[in-house]
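Trainee: Could we walk through this structure together? I have some questions ready.

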Amino acid sequence: MATHKFHSRPDDIILHVSPGSQYSLKVIVALESRKLPHFISFAAIVPKSRVLPSGRFMVPELEFKGKAVNDSSDIMRFLDEEVKANFFPDEIKDQVEALDEEAETTLDAICDYFNYVDEKGFEKSLLQSMSRYVPWYAFWINVRKRIKPTREKKALKCREVLKCDLNRDSVLGILDEKMNSYEKMLGSAEDQKFLLLSSQPTAADIAIFAKICRLTDNLGDMSIGSDVSIDDVIGDRENLKTWYERMEDLSPRRWKGKRVN
């Protein structure tokens, strides 16, 4: 975990985000789950155009107490050290890290598939979102041409991680397997509120919740678009549905109204 010193308002938590990003959303959910006051700064869409405290280009980036930290999981570890947030409780740290990693690989690849690779999903999410910022007469040719290499890279990543034919049914099948495993975990004890029998959401709950929200465009006061519904993801899994609603209550997922710029 790299931190970088700089001059800022040391008592404020400032989170630099890319609007709609599942990685940025993960940190917003983390901060809201612990009721940590913070400000939001929207970074430039093009990474090389960003001016961040660390001098790097990737978001989310959190600045606090004269330091800047990148990467959503590292940010939560940093908050564990600085404010005792307890996102990675010592007694279940290995299990939390394993589920966090699963969200950042398998669930992340599923998000990428429906946002970039699947044509219908691409049109209803990223393409629809980008159309707001590009003139209509330049949109269809320029945007599709410029994003084609990114879509090809995402497809390679999805094949490597998911190890399946890249079609909707196969990817939804893998998603179903993961949701079934979480449903089983949440039903392992009576009145269980969060994964791994934790009394508050850990990094595991937060990472999985953020991926589901991004996949279904349940982003709070932000919208990107999606071809996947919450019913497609949760279905009739009662334990998972109750957990999801509890996480929604803890985190309104506010991107706006907390602006520092």
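**Helices, strands and a few unusual residues**

Mentor: Gladly, and keep in mind that this is a predicted model. H1 has 12 residues and spans 16 Å from its first C-alpha to its last, close to the 16 Å expected at 1.5 Å a residue.

Trainee: How many of the 12 residues of H1 are buried?

Mentor: The helix is mostly covered. Its buried residues include nonpolar ones such as Leu25, Val27 and Ile28, and also Lys26 and Glu32. The count of buried residues in H1 is 11 of 12.

Trainee: At the start of H1, which residue has a side-chain oxygen that reaches the backbone nitrogen of tyrosine 23?

Mentor: Look at the start of the helix, which covers residues 22-33. The oxygen comes to within 3.1 Å of that backbone nitrogen, and it belongs to serine 21.

Trainee: And what is the phi of lysine 35?

Mentor: Lysine 35 sits just after H1. Its phi is positive, at about 55°.

Trainee: In which sense do S2 and S3 pair, parallel or antiparallel?

Mentor: Strand S2 covers residues 14-17 and S3 covers residues 39-42, with 4 bridges between them. Isoleucine 14 stands opposite phenylalanine 39 in S3. The chain crosses from S2 through H1 to S3 in a right-handed β-α-β crossover. The sense of the S2 and S3 pairing is parallel.

Trainee: Which residue of S4 is the bridge partner of isoleucine 14?

Mentor: S2 also joins S4, by 3 bridges, and these two strands run antiparallel. Within S2, Ile14 and His16 point one way while Leu15 and Val17 point the other, and all are buried. The partner of isoleucine 14 in S4 is glutamate 63.

Trainee: Which residues of S4 are buried on the side opposite Glu61 and Glu63?

Mentor: In a regular strand the side chains alternate between the two faces of the sheet. S4 covers residues 61-64, and both of its faces are covered. Glu61 and Glu63 are buried on one side, and on the other the buried residues are Leu62 and Phe64.

Trainee: In the turn of the S4 and S5 hairpin, which residue has a positive phi?

Mentor: S4 and S5 (residues 67-70) pair in the antiparallel sense over 4 bridges, and leucine 62 stands opposite valine 69. The hairpin has 2 residues between its strands. The positive phi, about 55°, belongs to lysine 65.

Trainee: What kind of peptide bond joins valine 59 and proline 60?

Mentor: Proline 60 is placed in the loop between S3 and S4. Omega for the bond is about 10°. That bond is cis.

Trainee: Is serine 72 buried or exposed?

Mentor: Serine 72 belongs to helix H2, residues 72-83. Apart from neighbours within four places in sequence, serine 72 is in contact with Tyr23, Lys26, Val27, Pro60 and Glu104, and its side chain makes a polar contact of 3.3 Å with that of lysine 26. Because its relative accessible area is 4%, under the 20% cut-off, serine 72 counts as buried.

Trainee: Which helix gives the most residues to the largest nonpolar core?

Mentor: That core has 71 residues, and Leu62, Phe87, Ile110 and Trp243 touch the most other members. The helix giving the most, with 11 residues, is H3 (residues 93-117).

Trainee: What about H7: which residue supplies a side-chain oxygen at its start?

Mentor: H7 covers residues 168-186 and reaches 27 Å, close to the 27 Å expected. Its buried residues include Val171, Leu172, Leu175 and Tyr182. At the start of H7, the oxygen within 3.3 Å of the backbone nitrogen of aspartate 169 comes from asparagine 167.

Trainee: Leucine 197 and arginine 253 both caught my eye. Which burial class does each fall in, buried or exposed?

Mentor: Leucine 197 lies in the loop between H7 and H8, with a positive phi near 60°. Arginine 253 is in the segment after H10 and has a positive phi of about 60° although it is not a glycine. With relative accessible areas of 58% for leucine 197 and 6% for arginine 253, leucine 197 is exposed and arginine 253 is buried.

Definitions and conventions. Residues are numbered from 1 along each chain as its sequence is written. This is a predicted model: local features need pLDDT of at least 70, side-chain atom pairs count only at pLDDT 80 or more; totals for chains, interfaces and linings use all residues. Side-chain values use heavy atoms; hydrogens and water are left out. A nonpolar core is a set of buried Ala, Val, Leu, Ile, Met, Phe, Trp, Tyr and Cys residues joined through side-chain atoms within 4.5 Å. Buried means under 20% relative accessible area, exposed over 50%, partly exposed in between (1.4 Å probe, protein chains only). The expected span of a helix is 1.5 Å times one less than its number of residues. A polar contact is a pair of N or O atoms within 3.5 Å; within protein, one must be able to donate a hydrogen and the other to accept it, and residues adjacent in sequence count only if both atoms are side-chain atoms. Two strands pair if DSSP finds at least two bridges between them. A crossover is right-handed if, with the strands pointing away from the viewer, the path from the first strand over the helix to the second runs clockwise. Contact means heavy atoms within 4.5 Å.
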